[in-house]
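Me: I would like to go through a structural model with you by question and answer. Please keep each reply brief and end it on the item requested.

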Amino acid sequence: MRSYVIYVGKRVLQFALVVFVGISITFLITHLTPIDPVEHAVAQVSTFGFSSPESIELLRQSLRELYGVGDNLWEEYLVFWQRLATLDFGPSLSAFPTPVSELIGRAIPWTIGLLTVSTILSWFIGNIIGGLAGYYSRNRVLRIIGMIMMGLHPVPYYIVAFVLLIAFTFVLPILPSSGGYEMNMTPGWTLKFIGSVLLHSILPSFSLILVGVGSWFMGMRALVSNIVTDDYVTYASLAGVPERRLVTSYVMRNAFLPQITGLAMSIGAIFNGAVITEQVFGYPGIGRLLVEAVHAADYSLVLGITSIAIIAVSAAVFIIDIIYPLIDPRVQVTQ
Amino acid sequence: MIAVFRDLFRYNGEFAIGFMIMVIILGIAAASFFSPYEPIDSYLVAMDAPPSAEYVFGTNSRGQDIFWQLTFAIRNTLAFGFIVALISRILSLAIGLVSGYVGGAVDRVLMSINDTFIVIPLFPLLVLLYFVLRDDMTWFVLALVMAGLGWAYDARLIRSVMISLRTREFTNTSVFSGMSMPRIVTQEHLPYVLPIVFSTFMNNMNWSIGLEVTLAVLGFTDVDTPTIGGMIFWANQHSAMVSGIWWWYFFPTLFVTLTFIGLFLLSISMNEYIDPRSRLDRMGNS
């Protein structure tokens, strides 16, 4: 138990480091800008005519604090952290005066839902088929499945998503092309609404799974084909352990462990893919919100999403990391 | 060297296919030097002409010949991937070698920085950078930034190889025979590490091209420099799908996919070449 506490302590430190570096890079990037983003943004808002002087002043003040142009850099940095800690990014420019945190709060459940489901599915599908392909390396069907998965793996998300979009909404229009649920439907816990959400999530999650499954497949196949030649497997098979048990509890179980670490390491990349997928399928998550915010030149929203994304991704990695020793007892001893 | 190449070509199907794909892709990129048009000029030829004998891949709504556009786009896209991979390889090699060889506190510090860069989601950061720099975000700035952020994964790989090399017998022999540490690393260990660097080079090119295509499609790069993603961006801008100009999407998508598959096949064949067990297995089969 004590070693587990030490392990978690180390992970907390690493989590803090990731958030610190990520947010600092974000801060530095916004300070590279040659133009004065605050006056630029204020001018843009006031030309649209919502010119209540108080709200403009509120906007200017929050932007000043967020991008802090002109003041002492160190103080700005501290204020930036303070804002982040209270999740106060000021009002959004494109949806003025809705607060940025509210827009992000509305979008984030969609992204988390889509990502969690498709990541878990692709992890399990890829690992199980990959494990079988590594064990039965001469099986023809598994070889063909392997070739298809490996062929899809290097293709970027955008291309796969785009091809799927054309195939299932244009050539063969059976699935909805965009949105998180049917338009003019009121969100709620009704059966019809949930059905519509599921129907709309088929294409985005399918494209994420299609691309994601390949790397788990390859990793698992390589791991299993190494483990199969280990002495303990040979011994178990000579001792008459039934083949089904050999595959599941002797070979695959051990190969799953490094794949969990692999999952933690690839969460960031999976998130990148989700941003694109959401954009292609018009899915109402934070990826699409980010792209829209850039097009609308909404400074506070872009900054808010970037910061939240960094924290959310590192939190996901942290969670996987602290669950890991509960699955692999060896970690407690060594680390 | 030539013998290695011949063996790879003969016994490794992935290498043969990947190599041929890349020869075709490079050939098309090289054709850009003979293009009759400047890449950024528009309204030079008839608009929206489907593929024909005169315009092999058709023309687009901006009056450009898609074949010649594609030659420039592939050249720029490949050059982009190459620069990112080259710079980030130097970084990951340096960090991986130092971390693996020196060990101890240096290793721990470097690896926590390394893990930090693995975890941070790059895409929002790149978008933010574009948002701030706008027109100053040139092709080269993007390449530099991506190289500065994309070394971490492979640095870890190189480090783990380095740690295993350090504990081998021949390292001790070299130390006792009085070789200096830089010489041991460069002369004795580098030959083991280089194949891994090559294999990750291809993977890194795929990674950076994939991100560049994505950014460009969304319009978050310098879209006036023709790249594959830029071509798809302009096709989207002119709603080419709605007006039925499928060839404007089809050829860029086809060739970028081929590039990905080609680079990927080269990288996995390199991996198999590094692992002698799978190499023997393969030679025994054919």
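Me: In what order do the elements of chain A run from the N terminus on?

Reply: This is a predicted model, in which local features need pLDDT of at least 70, side-chain atom pairs count only at pLDDT 80 or more, and totals for chains, interfaces and linings use all residues. Residues are numbered from 1 along each chain as its sequence is written, while chains are lettered from A and ligands numbered from 1 in the order in which they are written. Helices (DSSP runs of H or I, at least four residues) and strands (E, at least two) are numbered from the N terminus; chain A has 13 helices and zero strands. Its elements therefore run, by that definition, α-α-α-α-α-α-α-α-α-α-α-α-α.

Me: Which helix of chain B has the lowest confidence?

Reply: The predictor's confidence in each residue is pLDDT, from 0 to 100. Chain B averages 83, and 95% of the residues score at least 70. Where pLDDT is low, the predicted coordinates should not be read in detail. Confidence in chain B is highest in helix α3 (residues 66-102), at 90, and lowest, at a mean of 55, in helix α12 (residues 276-285).

Me: Which helix gives the most residues to the side of chain A that touches chain B?

Reply: Taking contact as C-beta atoms, placed from the backbone, within 7 Å, 36 residues of chain A are in contact with 30 residues of chain B. On the chain A side, α1, α7, α10, α11 and α12 each supply at least two residues. The most, nine residues, come from α1(A).

Me: Is A:Gln279 buried or exposed?

Reply: A:Gln279 lies in helix α10 of chain A and touches, beyond residues up to four places away in sequence, A:Gly287, A:Arg288, A:Val291 and B:Leu218. A residue is buried if 20 or more other C-beta atoms lie within 10 Å of its own, exposed if 12 or fewer, and partly exposed in between, with C-beta atoms placed from the backbone. Because A:Gln279 has 22 other C-beta atoms within 10 Å, this residue is buried.

Me: Which helix supplies the largest share of the largest nonpolar core?

Reply: A nonpolar core is a set of buried Ala, Val, Leu, Ile, Met, Phe, Trp, Tyr and Cys residues joined through C-beta atoms within 7 Å. The largest has 146 residues, and A:Leu290 and B:Val127 are among those that touch the most other members. The largest share of this core, 14 residues, comes from chain B, in helix α11 (residues 246-274).

Technical notes:
Contact = placed C-beta atoms within 7 Å.
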